[in-house]
Amino acid sequence: MAGGLPLMLEFRNVNTYYGDLHVLKNVNYNLGAGEIICLLGGNACGKSTTMKTIMGIVRPTSGEVIFEGERIDRLPTAERVKRGIAPVLEARRLFPRMTVFENLEMGAFTRKRGADFDQDLERVYSLFPRVKERRDQMAGTLSGGEQQMVAIGRALMARPKLICMDEPSMGLSPLFVEQTFDIIQQINRQGVTIFMVEQNAAMALSIAHRAYVLQTGQVVLEGPASEMRENEHVRDAYLGEMQVAAA
Amino acid sequence: MSSFDLLLQQFVNGLSLGAMYALLALGFTIVYGIMELINFSHFNVFMIGSFVAMGVLSLFGLSGQTVLLHGFPLVGVLVVTLAVTMIACGMLGVGIERLALRPLRGVQGPMAMITTIGVSYVLSNVVMLTMGANTKNFPNPIPSVALHIGTAQITVFQFIIWALSAVLMGGLYFFVQRSKLGKAMRATAQDPDAALMMGVDVNRVIMTAFFLGSALAGAAGFIFGLYYNFTNFGIGFTAGLRAFTAAVLGGIGNIPGAMIGGLLIGLIEAMAGQYIGAKWADVIIFSLLVLVLVCRPAGLLGRLAPTKS
């Protein structure tokens, strides 16, 4: 299912509840190492809950979450970050009254500070020269686009194998959206698996390898991104809507 | 005494009192910054600090009567007493958090705050029942050598208070700004969910906040005893309320704000005592609090809404 690639992350029959509310219903995902996978769906369909389940902010009631062959669904968040999962949170969520550099340091929080910290910092600075210019500025004073760069940079500082992105295009100007998606592809080419929740389905499908469609907590469709773009249901529900919104 | 000397004298006294209030205010502000919890048990951690210090001093043979020490013995006694008091109070704070507050983590509303009021009463009553309700003499072994400026004087003791407060507050500031755990504290205060997803152990951050705040309260309790030469089970309320006011005045959750608020409260208390009458000190302090909150609801250095967008 993951195109013959070794599996990075799996959901096996995951059910998640908020109180009585059944949010994820028997969900299965298979993310191959090195893929860009996007998760499409309307409001309140379980996209954000998927991200929270991966990061350990909510625990599944039943089912298994497996990362690189090992169950992680009972592990604390810090342990998951240590193993190589880093988030780019919805609306960036930088620490507004810490400098850009300190935000990047927080990304590397679970790692020992050594020579590889400087390497990773250089990697971030070379991807985002703007971030280097702003390193001593309070993160809260940056523009939305700059904040997004720091948020992605912060995730990279964890030296992750998998980055989970929640709405990376939200609140960004079209120019920045395009730049952000370019960067996501670059990062992916460096070997990082990307799992992305995105409202901008047209944009997301243009760079993704595969996609899942969630509807009221269930996976109703999955397949290669190219097929998804042609799929009538997806066009009606997500692409059409986006084009109208863009017009 | 000329009117200038009088003003200078009260300024010196106010800075000394203010340093004590600032140390105490920091505990309120650190915990509030991270948990948005007003920790009323802090009042009596401070009070217990004065009792611990008194106990340690009595182990050195200092109690009741005035025994003066000089040179190395003086420094040694002060340092040991301070260290023991701060560690004991720090651990008391951690214990309070672990036993009474952690089980309530995630419970919405004022439950945790009410719990801290309960803990505060338990602490003061335990001290009253075990140590007695009467006021105790608190020995001060520091000789009253003073620097004279005109007729105003600055005692060695006041220099010690300033130096100690500067070191402790500087240390705290350095820790919060530079250390990894300090940065985790700031990150947690600004966005707890995001900090969690960076891999920060939020329980450890909260424990650190309680330890540091309570240790500083212990230092303040020691200073209180030395300054006023007495302690009793009830000292936490008045001093605690003024220090809490200092934290709110400076902008609760803001560390430099608590320092400035503390100094301001100390100065007001000293000046009011001199020029209006000591009985009016609280009236003036709390009127000023109301005035500042009406004009700047977030306090002098505070921010109104946390920027969480």
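This is a chat about a predicted model with chains A and B.

Trainee: What are the ground rules for this model?
Mentor: It is predicted, so local features need pLDDT of at least 70 and side-chain atom pairs count only at pLDDT 80 or more, while totals for chains, interfaces and linings use all residues. Residues are numbered from 1 along each chain as its sequence is written, chains are lettered from A and ligands numbered from 1 in the order in which they are written, and side-chain values use heavy atoms, with hydrogens and water left out.

Trainee: How many residues of chain B are in contact with chain A?
Mentor: 19 residues of chain B contact 22 residues of chain A. Contact means heavy atoms within 4.5 Å.

Trainee: And how much area do they bury between them?
Mentor: About 2100 Å², with 62% of it on carbon and sulfur atoms. Buried area is the accessible area (1.4 Å probe) that two parts lose on being put together, summed over both.

Trainee: Which three residues supply the most on the chain B side?
Mentor: B:Gln190, B:Met197 and B:Met198. They supply 36% of the area that chain B buries against chain A.

Trainee: How many salt bridges are there between chain B and chain A?
Mentor: Four. A salt bridge is a side-chain nitrogen of Lys or Arg within 4 Å of a carboxyl oxygen of Asp or Glu. B:Arg186 forms one with A:Glu102, with the closest N and O atoms 2.7 Å apart.

Trainee: Which element of chain B gives the most to the side that touches chain A?
Mentor: H6(B), with six residues. Helices are DSSP runs of H or I, at least four residues, numbered from the N terminus.

Trainee: What about the mix of residues on that side?
Mentor: Eight are nonpolar, five polar and six charged. Ala, Val, Leu, Ile, Met, Phe, Trp, Tyr, Cys and Pro count as nonpolar, Asp, Glu, Lys and Arg as charged, and the others, Gly among them, as polar.

Trainee: Switching to chain A. Where is A:Ala108?
Mentor: A:Ala108 sits in the loop between helix H3 (100–107) and H4 of chain A. A:Ala108 is buried, at 5% relative accessible area. Buried means under 20%, exposed over 50%, and partly exposed in between (1.4 Å probe, protein chains only).

Trainee: What does A:Ala108 touch?
Mentor: Leaving aside neighbours within four places in sequence, A:Ala108 contacts A:Phe117, A:Met157 and B:Lys180. A:Ala108 and A:Met157 are 49 residues apart in sequence, yet 5.0 Å apart in space, C-alpha to C-alpha.

Trainee: Is A:Asp120 buried or exposed?
Mentor: Buried, with a relative accessible area of 3%. A:Asp120 is in helix H4 (residues 115–127) of chain A. Not counting residues up to four places away in sequence, A:Asp120 touches A:Arg111, A:Met157 and A:Arg159.

Trainee: Back to salt bridges. How many over all chains?
Mentor: 24. One of the pairs is A:Glu146 with A:Arg134, at 3.1 Å between the closest N and O atoms. A:Glu146 lies in helix H6 (residues 144–156) of chain A and A:Arg134 in the loop between helix H5 (129–133) and H6, so the pair ties together parts that are twelve residues apart in sequence.

Trainee: How accessible are A:Glu146 and A:Arg134?
Mentor: A:Glu146 is buried at 6%, whereas A:Arg134 is partly exposed at 26%.

Trainee: Which residues are linked in a network of salt bridges?
Mentor: A:Glu10, A:Arg12, A:Glu64, A:Arg71, A:Asp73 and A:Arg74. Within it, A:Glu10 pairs with A:Arg12 at 3.1 Å between the closest N and O atoms.

Definitions and conventions
Helix = DSSP H or I, 4+ residues; strand = E, 2+ residues; numbered from the N terminus.
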